[in-house]
Amino acid sequence: MTSTPTKVPAAPSDTASLRGRIGDSPLRPDGTLKVQGEFAFGSDLWADEMIWGVTLRSPHVHARIVSIDVGPALATSGVYAVLTAEDVPGGNVGLEHADQPVLATGVVRYHGEPVALVAADHPEIARQAAKKIRVVYEELPAVTDGRRALEPDAPQVHGSGNLLRHLKIRRGDPDPVAPLVVSLDFEVGMQDQAFLGPESGLAVPDDAGGIDLYVATQWLHADQRQICQALGLPPEKVRLTLAGVGGAFGGREDLSIHVHACLLALRTGKPIKMVYNREESFFGHVHRHPASLRYEFGAGHDGLLHYAKAELLFDGGAYASSTAAVVGNGGTLGLGPYNIPNVQVDSYGVYTNNPPCGAMRGFGCVQAAFAHEALMDELADRLAMSRVAIRQLNGMREGDRNITGQLIDSAAPVAELLQLVQDMPLPAERLSEDEFDLLSLPGGVSNTTHGEGVVRGIGYAVTYKNVGFSEGFDDYSTARVRLEITADEPTVTVHTAAAEVGQGLITVEQQICRTELGVQRVVVHPRDTQVGSAGSTSASRQTYVTGGAVKAACEAVRAKVLERASTMLDIEPSELVLDGARIVSITGAVVASLQDVLGTDAVDETVKWSHRPTYPVDPETGQGDAHVQYAFSAHRAVVDVDTELGLVKVVALDTAQDVGKAINPDAVVGQIQGGSAQGMGLALMEEIIVTGGRVLNPSFTDYLIPTILDMPPMRIKVLEYADPHAPYGVRGVGEPPTISSGPAVAAAIRQATGKALRRVPIRPEHITEG
Amino acid sequence: MRITTTVNGARREVDDVWEGESLLYVLRERMGLPGSKNACEQGECGSCTVYLDGIPVCSCLVAAGQVCDREIVTVEGLSDQQGLHPVQQAFIECGAVQCGFCTPGLVVTAHDLLARTEHPTDPEIREALAGNLCRCTGYEKILDAVRLAADRLAADRLADIRAGSSGRLT
């Protein structure tokens, strides 16, 4: 700080050689560890003296707990503790409503609800001991159908009515008419996030009644708030650190092992590890809401939409989770990216005794898109119009208002996205029967057809999705950025609590720091609750919101550095520029080195950053500026269908998406590919089968997700129409592909078979029957 | 029971193994080798794939007692002092890694494919990797990675032949 800087002549920018800025695709910093098996996921953690926790879950859908006898379990050799609801010191938990007991209290409301916990020195001993807990149940009448739940005499899940939320949207003429009316009912099955890394974590008690929890999750601070509530502890006693996350997709937004592991650790005084197996994972997190949809569109003979009426019913299961927000999305976005002057939407979320449902990628828009896109096809067919053209005709454009009256104030390239996918080359015709390749046919190496009975179809779909949290939610992120000289090299440390779940946010944070501060070396601090909340890794929001916070923190660091340089050099800060390791005057002369300015000090700034506000919608009309930003995508699917066996091979799944600005183009493409696969999975194969409230297929043997044989090659076109309201112009990327891919696949199967197919996933019998 | 086996070239002996434990559990919880992953523990996802006497297997389906005096290679054993194996390097460079939970199993399976097949076609790659589930990537970049690794391994072999050495065979 005291050395006199030497003035040297202007030189080329110090940052010209920087690698890995925004717009580049640097490699992810955790890649090397991950390919070697050395990255520590939640399930890989280990501590001295560690013992294992397991959960005992309800075998019943709805039952009163008459009594629990933990004696035989507790007497098992190797068992350290057995806990029930009586051992929970604090209150209920829940993302939006604290309606869920940590352990069932007096009553179980769904198949798989946690009832008791066991800690033992081997996971198998714990599991065997859990089976010895004697729970006497008295079964109660259950409601396992969403529509039935709203009838006045339906069994009550919580005793306060089964309606969780009803969102009304009323716009324009309340009694609209149109020359052409199309309508349909659509059913969407229950999809699972099916992340590969099971729920897991390690709770380590300290000797002062507090706890450190290392856990795979999506939102550390929401977890911390709920754990504190349940344990009756202040936040400083409950410290969270993100363990390696093996995928999330919404399924880690609610608590899983969190409170359970902490309770066992506090009781035994030992570190507790909990890892679900796959079966328990299916019971241990919320799923995508099954939905029942009734839609009616009215249009002119020219194809222009006059009105839309829609009723969406989301089955929230036994606890609220994020059902209210899903209902909000389904209602406000559930008519798709179309201009519709007259609108009546009723979106409902209900309690039932089915498994709880909550967040999954696409959040309320996925279900609705199957219905509005099927109806657009129907309309096109009735008018003998092209299915692409009718969407382009009605598609939103920048400057339009959506059905809640909100101005679309940045790019809305609906027509262009559709044109792009339509103009992409089509896959080659199916090979003739004497040169076929089994892998390319429906049924694959099962050798079920050599092409006979196989027909091809093409389908299109387009969507839009909100980015970030909506309806007035205080949606912010916090970033701490530190700049210092270490080993003669400028080094930035970036610290946020934002969950890296595989999407590549840590790479994005590094890219932003490099871009803003011109420093090559950026260290990513472990994610924990020692820094302020980053909000959830969901709603396609982290690159926007945590990206915005990191950018703002870098700007604060830069300002502080220039302030120090200004004092040292007696030059106005506004006349100085930070250029990598140098301070440069506005004339381009290097006036000091960063080393001169910082010495052994660090500049360390923490910034809390919010996007522009959103507002609740009007309770009667649903009108209001509910959302921050909209993201658009379109898909074209090409399928071959074996009409005799009902088997489907997706031959191509092509897409175009506007991402505003691709901070990391390779990672953007990765999100689009992975998201498209999940949408295709819902259209074709993914469903948790729930009968009378019971889950029948909690395994990867019976719950199918796409394999590498199911996924076709994809053509992808990424548009970058910057959103002027967002940092760098970014637009959320992760969710739209999961929304428009499934409806495109369903449309292609309908086109190939001529069947109505008003339910997903489309099973073979739906194609072959009738 | 006591298990004596060879893992990644080193003799390993572990005691007090319960008869019901899988090879996956013993590797992860008793040998300090958590690289093989526990995604389904029923042989459906391939995340726990290891070599057992040179054959890739789901270690979750192998009872611990079956591995006595046999040779196991896990994902931790694929890189050496020279650095990452070309398959591992290609997975990083091609963006085939997102959350990374499926990655160790895929790396072992792809390693095995390329040891058997120098220039696999896309259908051959798809068939070989069909037992490995990935939920993040949609598989496209995994295909890219296997193609890239195949090219590099072939180039390495060619260079080795020209240099007259036997080189790395897998």
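1. A word on terms before anything else: a residue counts as exposed when its relative accessible area is over 50% and as buried when it is under 20%. Bear in mind, too, that this is a predicted model. With that cut-off in hand, take Asp488(A): its relative accessible area is 70%, so it is exposed. The residue sits in the loop between strand E19 (476–486) and strand E20 (489–495) of chain A. Its phi is near 65°, which is a positive value in a residue other than glycine.

2. Now for another non-glycine residue with positive phi, Leu757(A), where phi is near 50°. Is Leu757(A) buried or exposed? Its relative accessibility is 8%, so Leu757(A) counts as buried. You'll find Leu757(A) in the loop between H16 and E31 of chain A.

3. Stay in that stretch of the chain for the cis peptide. The bond between Val760(A) and Pro761(A) is cis, with omega about -5°. Pro761(A) belongs to the loop between strand E31 (759–760) and helix H17 (764–768) of chain A.

4. Helix H16 comes just before all this. It covers residues 736–753 of chain A, 18 residues in total, and runs 27 Å from first C-alpha to last, close to the 26 Å expected at 1.5 Å a residue. Of those 18 residues, 16 are buried, so H16(A) is largely enclosed by the rest of the structure. Right after H16(A) comes Gly754(A), with a positive phi of about 75°.

5. Helix H5 (residues 220–231) of chain A is worth checking in the same spirit. What span should its 12 residues have at 1.5 Å a residue? The expected figure is 16 Å, and the end C-alpha atoms are 16 Å apart, which agrees. In H5(A), 10 of the 12 residues are buried, so the helix is largely enclosed by the rest of the structure. Among the buried ones are Leu220(A), His221(A), Asp223(A), Ile227(A), Cys228(A) and Leu231(A). What do they pack against? The buried residues of H5(A) have strand E10 (211–215), strand E11 (238–242) and helix H6 (258–268) of chain A as packing partners. Gly232(A) follows H5(A), and its phi is positive, near 65°.

6. On to the domains. Chain A is split into domain 1 (31–39 + 476–610), domain 2 (43–140 + 198–245 + 252–284) and domain 3 (287–470 + 617–768). Domain 1 puts 17 residues into its contact with domain 2 of chain A, and domain 2 puts in 15. The C-alpha centres of those two domains are 38 Å apart.

7. If you're after open space, start with the largest pocket, at about 930 Å³. It has 34 lining residues, and the closest to its centre are Leu647(A), Val648(A), Met685(A), Leu704(A) and Asp710(A). Strand E27 (647–658) and helix H15 (665–684) of chain A each provide at least two lining residues. Which of the elements gives the most to this lining? That is E27(A), with 4 residues. Sorted by class, the lining comes to 20 nonpolar, 8 polar and 6 charged residues.

8. Closed space next: the whole structure holds 6 cavities of 30 Å³ or more. The largest cavity contains about 650 Å³. It is lined by 39 residues, with Gln503(A), Ser540(A), Gln671(A), Val733(A) and Gly734(A) closest to the centre. Helix H12 (505–517), helix H13 (542–569) and H15 of chain A are the elements giving two or more lining residues. Domain 1 and domain 3 of chain A each supply at least three residues to this lining. By class, the lining splits into 17 nonpolar, 17 polar and 5 charged.

9. The second largest cavity is about 300 Å³ in volume. Of its 25 lining residues, Gln100(A), Tyr110(A), Pro114(A), Leu255(A) and Ser256(A) are the closest to the centre. Two or more lining residues come from each of H6 and helix H7 (278–284) of chain A. H6, you'll recall, is also one of the elements that the buried residues of H5(A) pack against. Which domains of chain A each give at least three residues to this lining? Domain 2 and domain 3 do. The class split here is 14 nonpolar, 8 polar and 3 charged.

Notes: Residues are numbered from 1 along each chain as its sequence is written. Chains are lettered from A and ligands numbered from 1 in the order in which they are written. This is a predicted model: local features need pLDDT of at least 70, side-chain atom pairs count only at pLDDT 80 or more; totals for chains, interfaces and linings use all residues. Side-chain values use heavy atoms; hydrogens and water are left out. The expected span of a helix is 1.5 Å times one less than its number of residues. Buried means under 20% relative accessible area, exposed over 50%, partly exposed in between (1.4 Å probe, protein chains only). Contact means heavy atoms within 4.5 Å. On a 1 Å grid over the protein atoms alone, a cavity is a set of points where a 1.4 Å probe fits but cannot get out, and a pocket is an open set with protein on both sides within 12 Å along at least five of seven lines; lining residues have an atom within 4 Å of a point. Grid points are joined across faces, edges and corners, and a volume is the space filled by probe spheres set on the points. Ala, Val, Leu, Ile, Met, Phe, Trp, Tyr, Cys and Pro count as nonpolar, Asp, Glu, Lys and Arg as charged, and the others, Gly among them, as polar. Domain bounds come from an automatic or database domain assignment.
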